[in-house]
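Thanks for sending this one over. Here are my notes, set out as numbered points so you can follow along with the structure open beside you.

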Amino acid sequence: MPAFFTPYNKASYAAQKMYQDAALHPKYDPSKLNFNEEEMEVLADIADALKKYREEFQANVFAGNIDLDKEWDNYIAELDKIGLDEWIAVYQAAFDRVYK
């Protein structure tokens, strides 16, 4: 993994790598992940907030209202505040229950 990756990029890279590995190793089927009720609530709350923030940020970048290079660290910090790490942890726990 390149040394210039931010924590978000590391998570993105890890997810992409896991997805690619799953394509090469069909035993890792994301549709087999099972979430308990509490995890479903966490995912629903966080996913909606992450999606809304991501879409707003992207729209502002595309419209030229935000300089992506200057605001990237703030974007990542906001994702962390919203709960990106918790979202990843829920998926990791579900993956571990199924595949470990």
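1. One cut-off first, as several points lean on it: a residue is called buried when its relative accessible area is under 20%, exposed when it is over 50%, and partly exposed in between. Glu86, with a relative accessible area of 44%, is therefore partly exposed. Please also keep in mind that this is a predicted model.

2. Now the overall layout. The protein has 4 helices and 0 strands, and its pattern along the sequence reads α-α-α-α. Of its 100 residues, 20% count as buried. The accessible surface comes to about 7400 Å², and carbon and sulfur atoms account for 53% of that surface. If we take the contacts between residues at least 6 apart in sequence, 77% of them join residues at least 24 apart.

3. Back to Glu86, and the charged group to which it belongs. Which residues form the negative surface patch? They are Glu37, Glu38, Glu41, Asp45, Asp48 and Glu86. Helix α2, which covers residues 37–63, gives the most to this patch, with 5 residues. Glu86 has its place in helix α4, residues 84–99. Patch residues need over 30% relative accessible area, and the 44% computed for Glu86 fits that requirement.

4. Glu39 deserves its own look. This residue is also found in helix α2, but is Glu39 buried or exposed? Its relative accessible area is 10%, and because buried means under 20%, Glu39 counts as buried. Glu39 does not appear among the patch residues, which include Glu37, Glu38 and Glu41. Setting aside neighbours within four places in sequence, Glu39 is in contact with Asn34, Val90, Ala93 and Arg97.

5. The last of those contacts leads to a charge pair. Side chains of opposite charge can pair when their charged atoms come close. Arg97 forms a salt bridge with Glu39, and the closest N and O atoms are 2.7 Å apart. Arg97 lies in helix α4 and Glu39 in helix α2, so this pair ties together parts that are 58 residues apart in sequence. The two partners sit in different accessibility classes: Arg97 is partly exposed at 46% relative accessibility, whereas Glu39 is buried at 10%.

6. How many salt bridges does the structure hold? There are 3. Besides the Arg97 and Glu39 pair, the side chains of Lys51 and Glu55 meet in a salt bridge at 3.9 Å, N to O. Both of these residues lie in helix α2, 4 residues apart, which is about one turn of the helix. Lys51 is partly exposed, with 44% relative accessibility, and Glu55 is partly exposed as well, with a relative accessible area of 39%.

7. Another salt bridge joins Asp96 and Lys100, with 3.9 Å between the closest N and O atoms. Asp96 counts as partly exposed at 27% relative accessibility. Lys100 counts as exposed, at 74%.

8. Let us turn from charges to Phe57. This residue lies in helix α2 and is buried, with a relative accessibility of 8%. Which residues does Phe57 touch, not counting those up to four places away in sequence? The contacts are Ile66, Leu68, Glu71 and Tyr75. As for Glu71, its C-alpha atom is separated by 9.7 Å from that of Phe57, and the two residues are 14 residues apart along the chain.

9. Leu68 gives the view from the other side of one of those contacts. Its place is in helix α3, residues 68–82, and Leu68 is partly exposed with a relative accessible area of 35%. Not counting residues up to four places away in sequence, Leu68 touches Phe57 and Val61. From Leu68 to Phe57 the C-alpha to C-alpha separation is 9.1 Å, with their positions 11 residues apart in sequence counted as the distance apart.

10. If you have time to look at two places, I would suggest these. One is the salt bridge between Arg97 of helix α4 and the buried Glu39 of helix α2. The other is the contact between the buried Phe57 and the partly exposed Leu68.

Methods. Residues are numbered from 1 along each chain as its sequence is written. This is a predicted model: local features need pLDDT of at least 70, side-chain atom pairs count only at pLDDT 80 or more; totals for chains, interfaces and linings use all residues. Side-chain values use heavy atoms; hydrogens and water are left out. Patches are made of residues with over 30% relative accessible area and no salt bridge: like charges are joined within 9 Å, nonpolar side chains (Val, Leu, Ile, Met, Phe, Trp, Tyr) within 5 Å. Accessible areas come from the Shrake-Rupley method with a 1.4 Å probe; for residues, only the protein chains shown count as cover. A salt bridge is a side-chain nitrogen of Lys or Arg within 4 Å of a carboxyl oxygen of Asp or Glu. Lys and Arg count as positive and Asp and Glu as negative; His and the chain ends are not counted. The place of a charge is taken as NZ of Lys, CZ of Arg, CG of Asp or CD of Glu. Buried means under 20% relative accessible area, exposed over 50%, partly exposed in between (1.4 Å probe, protein chains only). Contact means heavy atoms within 4.5 Å.
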